Amino acid sequence: MFFLSIFIPLISYLFCVIFKSYLSGKQISLISCGLLSIATTLSLISFYFFHINGDSVVLISNWISSGSFSVDWSINFNLLSCSMVLMVNFVSTLIHIYSVGYMNKDPKRSTFMGYLGLFTFFMLLLVSSNNLLQLFLGWEGVGLTSYLLIGFWNYKNSANDAAIKAFVVNRIGDFGLLLAIFTIFVVFGTLNINEIMILVNSYSDSYFNFLGIKIHSITLISVLLFIGCMGKSAQFGLHTWLPDAMEGPTPVSALIHAATMVTAGVFLLILMSPLIEVSEFASKLILIVGSLTCIFAASVAIFQNDIKKIIAYSTCSQLGYMFMAVGASAYSLAYFHLISHAFFKALLFLGAGSVIHSMSDEQNIKNMGGLYNKIPLTYLTMIIGSLSLIGVPFFSGYFSKDLILETLFLRDSELSSYAFLTGLLAVLFTTLYSLRLIIYVFHRKSMADEKVVAHIHESPFIMTFPLIVLSIFAIFFGMFSNSYFIGSDYLSVWSEIIFVDKSFNENFIYENMPIFYKKLPLIIIICGIIISYLIYFSFDKFLPVIKNRLRIVHNFFKNKWYIDEIYKKTFVFLAFYLGKGFWKSVDRDLIDNLGPNGMSKFVSSIGLIVSKMQSGYLYHYVLSIIIGLTLLISLYTYIF
Amino acid sequence: MIYIPEVFMSIGFLIILIISVFVKKNQNIVLGYLSLLLIFLTQFFVLKDIFLFEEIFNNFFVIDSFGSFLKSVILICAGFVIYFYIIVKNDSSLNRSEFSMIILISIIGMMLMVSSNDLLSLFVSIELQSLALYILVSFSKEDFNSSEAGVKYFVIGSLSTCIFLFGSSLIYGLVGSTNFSEISQFMSDQYSVPLLLVVGLIFILVSLSLKISAAPFHMWTPDVYQGSPSLVTAFLSTAPKVAVFGVLIRVLVYPFGEIIVDWGKILVILSIFSMLIGSLGALRQDDLKRLMAYSTINHIGFILMGLVPGSEDGITAICIYLIFYITMNLGVFLFILNMKRDQLNVTKIKDLSGLYKTEPLIAGCLALLFFSMAGIPPLAGFISKLLILNIVIDNNLFFLAIIAVITSVISAFYYIRLVKSMFFDSPTEELDLLTNSQSKLLLSIFGLFNLSVIFYPQFFLNLCASITLSLFALR
């Protein structure tokens, strides 16, 4: 059953591709939605009956067997993979349904549904894999489908550029992951995750010799793994592709760039947590990069005008929280935030999609306004999503995010205290950009032209239905499930799969957290609400003035800390220059002229000489024979 | 005595000569059929005694499996050429009773060549086959080109004879005998071989190289191939090559086997030259027969490589190469014979263009033959080239192997250009349709043979290996 729930999306993809030209787009869409719903139901059933079966590995067949290297096609069935499969299938199903409405008029909608199915399959393969090679296949598969979906509207140049950018930046991370896999094989001699977990402790003192430098092998592996995760999860430095990826259709952003693919990095770290735990250096690095990403992305999000880019940076920032949790060894909390984030972020994206849909494909929030009574359902769901994102008490985001912050506070190390402060600051920024988005889109005076305004309408039910379902999850998920991730009974279940610091359970947090620090995020949120009210309502006349005065600061944030520009000036420019040079001078002038072209010209000219030597005169021939004879004799006599 | 194939052949030839007097002018085909019958019968005698070993005429000739095998191959070549003569409608110039007679004479010469065991008998038999070939080359009296080719071939051939005689005299002067067995005896008795003896051998080698048109003694080949009638070219490029290679192998391996170090180097030079000239010279040719001449030179270079180590394997590979080379060459020349426009023979490469559209079957077979010549797997030419290269590499002659491969690539270019011209170029003027169903069938058989050899290469390997054994084991 679990097996089927993984492979049904693949069937959906094949169905869409094969019957693309035989059935209408609507039929294809509905059938793929149906297939995905079946997959979700099946994964729900297998999750529900999880305790009956317990952990197991479903072996499909042997894949590669070469010497001591052996890899199987297999599916790992445990709490982690099972719940992840359920989440992916569930969100994917909702997004399939949403896409039926959103892509209604697109001529290539069958292909789109197919790609969504293929993506879902690769993601499920990634999360359910029992070995790193199969995981890597899923990892690359989601990268590929992400590329295809970002560039889905390939008549737009910007979409193509964004797709290529996403692919290339991800390749850097993938290279890190590949190196990590190689190193793991060299050190452990196996790629099976369960076996690695057993072997970790006995290898905790092993060193890896690279070019005469001794490196602690597990630190090396962890850092390389983290580089891989940085690419996929858009962490600071390799984050540049995520905002650009918003060129894809909105359902894609919701599925890939909010709920599933970008969380693959976090998932991998959670999966390999016993390994990471051995290396203190890697944990620190993850904590630092995570908090940097968190604060960076949140600060940039405040200054963006594109509705989807704001949410994209928000995703980036929330991923930073997850990495902070990983860095603080609170893996179950990272996983908790991963899932609750998936719900409310998918909700936000889909809501944004609904707004864009109703505004006739307008994405700039400066051109919107006053929508709250025109599209009330979307407004309501966006509010719910934003509140959950900010972490207002009793919404999902509150439970997962506050627990991470509390854990950071309780870890008594200097680094985690800094991380705690950064996290708090990011909470403020989160409040600011979320409210800014809500205010600009829904409350201020409408800036759109009349044509657009006249056309504003609430999205059809097929689009609002996923919004409603996701809203319910954004509100209640955290409330009902937080004990699964922090309660002391469940921690023992988790500890069989991932690393769990059992002392950090519910009771411990309640007992040790001073009440002021516990309420501090809430206070900050309230401050944020007040500040944004002041800025956008009371003092909105001064906004342009402040902007002008602080132009440098404003530009710094608006241009995303100039990171894209720096990359362009250094790596991209260098690569282009080198590439052009190699192409022109090395390939075309040197290799082509000396190689294929030059060679053939040379041979051909020699051929002409040989043919010309054939003069037709008999005495020339006789002479050549005599010369040949003499040559051979003299060669023999004098040289040999 | 009468069962010795050469004697039988000579008597049969005389009988046909007598019959020819009574045959009417326009019924020369009858003589062709008679010659074919004679060749069949001789073939029977050859094959009957293929495992016989005997030294006859006071050690002047030797009958062994190697010789018998080559005789059989020569007879097959000649049989095919005479069969072509029968089935293809010839020019009036070829339509004379002497044609098949002269071929028979040259075959007798070749058969004697491959069983000669003495420089003297070898000389006489070479002369016999050469004189016959001179006549054949200049057979169409009206054709200026043919006469020119005849003169060239004759002069070069005479020169070759002179060189051969001079070399022989040097060897006789040093050894005191012209018999191979005695030369061999002399060689094994000596501590160091006199320089002049090797010089004499080089003279003989050069003379034989002229016959097989190995570069740099190839100059006559393109002119003679182009000038002589196509049927004669078909004969010229197959049977004499086999015979001369037989002689070359016998001379080098048996009496001069002791000084393999010396003649090996000479052969390396000859084969490198031949492969280079053969592949480069053909690049700019526009005449199919001239191109085939260069192709022959290239193949000869390849075959010579196999002889460099002087080992059993090498000679086995040479035998296989010769068999496959003959099938390819005969097939292509069968097509050239049938290449006509408005009843006139044409041989330009551009005449091939668009052949696929009018004659798909013929074009396909021809493409197979050309691919086989280029050595493209899995055709026969690939197998033979592979065997030779294997031998070369086994003997650590890597530079030779590299040159061979490079020249093969270059020569693949002009073969594939022909195929491209047949399949993809649009025809300027279409050739006459090939109405001759026997030619069609035969060409298909040649093509099919080249294609199917990959399924039973072991047969040829075993056959040639057992043949070569006689050259080494029985002495």
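Modeller: Before we look at the lining of any space, let us agree on the classes: Ala, Val, Leu, Ile, Met, Phe, Trp, Tyr, Cys and Pro count as nonpolar, Asp, Glu, Lys and Arg count as charged, and the others, Gly among them, count as polar. Please also keep in mind throughout that this is a predicted model.

Colleague: With those classes in hand, how do the residues of the lining of the largest cavity divide?

Modeller: They divide into 9 nonpolar, 3 polar and 2 charged residues. The general idea behind finding such a space is that a probe the size of a water molecule, rolled over the atoms, shows where empty space is left. In this model the largest cavity holds about 100 Å³ of space, and of the 14 residues that line this cavity, Ser329(A), Ala330(A), Ser332(A), Asp501(A) and Phe504(A) lie nearest its centre. Two elements of chain A, α16 (331-358) and α21 (461-486), give two or more residues to that lining, and α16(A) has the largest share, with 3 residues.

Colleague: How many cavities of 30 Å³ or more does the count come to, and which residues line the second largest cavity?

Modeller: The count comes to 9 cavities of 30 Å³ or more. The second largest has about 70 Å³ of space, and its lining belongs to chain B, where Phe335(B), Asn338(B), Met339(B) and Lys340(B) are among the residues that line it, as are Asp432(B) and Leu434(B). Both α14 (312-338) and α15 (355-358) of chain B supply at least two of the lining residues, and the classes here come to 6 nonpolar, 2 polar and 3 charged.

Colleague: Turning to pockets, how much space lies in the largest pocket, and which residues lie nearest its centre?

Modeller: A pocket is an open set of points, whereas a cavity is one from which the probe cannot get out. About 1400 Å³ of space lies in the largest pocket, whose lining is made by 50 residues, with Ser158(A), Ala162(A), Asp244(A), Met246(A) and Glu247(A) nearest the centre. Among the elements of chain A that each supply at least two residues to this lining are α4 (79-102), α7 (157-188) and α15 (307-327), while α27(A) gives the most, with 9 residues. By class, the lining has 20 nonpolar, 14 polar and 16 charged residues.

Colleague: Where does the salt bridge of Glu247(A) lead?

Modeller: Glu247(A) meets Lys156(A) through their side chains, with 3.4 Å from N to O. This pair links distant parts of the chain, 91 residues apart, since Glu247(A) sits in the loop between α10 and α11 (250-259), and Lys156(A) in the loop between α6 (132-150) and α7 of chain A. Over all chains, the count of salt bridges comes to 17.

Colleague: How do the residues of the lining of the second largest pocket divide?

Modeller: That lining has 19 nonpolar residues, 4 polar and no charged ones. The pocket itself holds about 680 Å³ of space, and its 23 lining residues include Phe47(A), Leu86(A), Phe477(A), Ser481(A) and Tyr484(A), which lie nearest the centre. Elements that give two or more residues to it include α2 (25-48), α4 and α22 (488-494) of chain A, and α21(A) gives the most, with 7 residues.

Colleague: How should I read the interface, and what is the area buried between chain B and chain A?

Modeller: The size of an interface is often given as the accessible area lost when the parts come together. Here 35 residues of chain B are in contact with 25 residues of chain A, and the buried area is about 2700 Å², of which carbon and sulfur atoms give 80%. Met219(B), Leu280(B) and Arg284(B) supply 23% of the area that chain B buries against chain A, more than any other three residues.

Colleague: How many salt bridges and how many residue pairs in polar contact does the rule find across that interface?

Modeller: The rule finds 0 salt bridges across the interface of chain B and chain A, and 7 residue pairs in polar contact. On the side of chain B that touches chain A, α6 (144-175), α8 (195-212), α9 (220-227), α12 (260-281) and α13 (288-307) of chain B each supply at least two residues. The largest share, 8 residues, comes from α12(B), and the classes of this side are 25 nonpolar, 3 polar and 7 charged.

Colleague: Finally, which residues does a cis peptide bond join in chain B?

Modeller: One such bond joins Ala215(B) and Pro216(B), with omega about 5 degrees, and Pro216(B) lies in the loop between α8 and α9 of chain B. The bond from Pro377(B) to Pro378(B) is also cis, with omega near 5 degrees, and Pro378(B) is found in the loop between α16 (360-374) and α17 (380-394) of chain B.

Technical notes:
Residues numbered from 1 in each chain as written. Chains lettered and ligands numbered in written order. Heavy atoms only, no water. 1 Å grid on protein atoms, 1.4 Å probe; cavity = no way out; pocket = protein on both sides within 12 Å on 5 of 7 lines; lining within 4 Å. Points joined across faces, edges and corners; volume = space filled by probe spheres on them. Helix = DSSP H or I, 4+ residues; strand = E, 2+ residues; numbered from the N terminus. Contact = heavy atoms within 4.5 Å. Buried area = accessible area lost by both parts, 1.4 Å probe. Salt bridge = Lys/Arg side-chain N within 4 Å of Asp/Glu carboxyl O. Polar contact = N/O pair within 3.5 Å; in protein donor to acceptor, adjacent residues only side chain to side chain.
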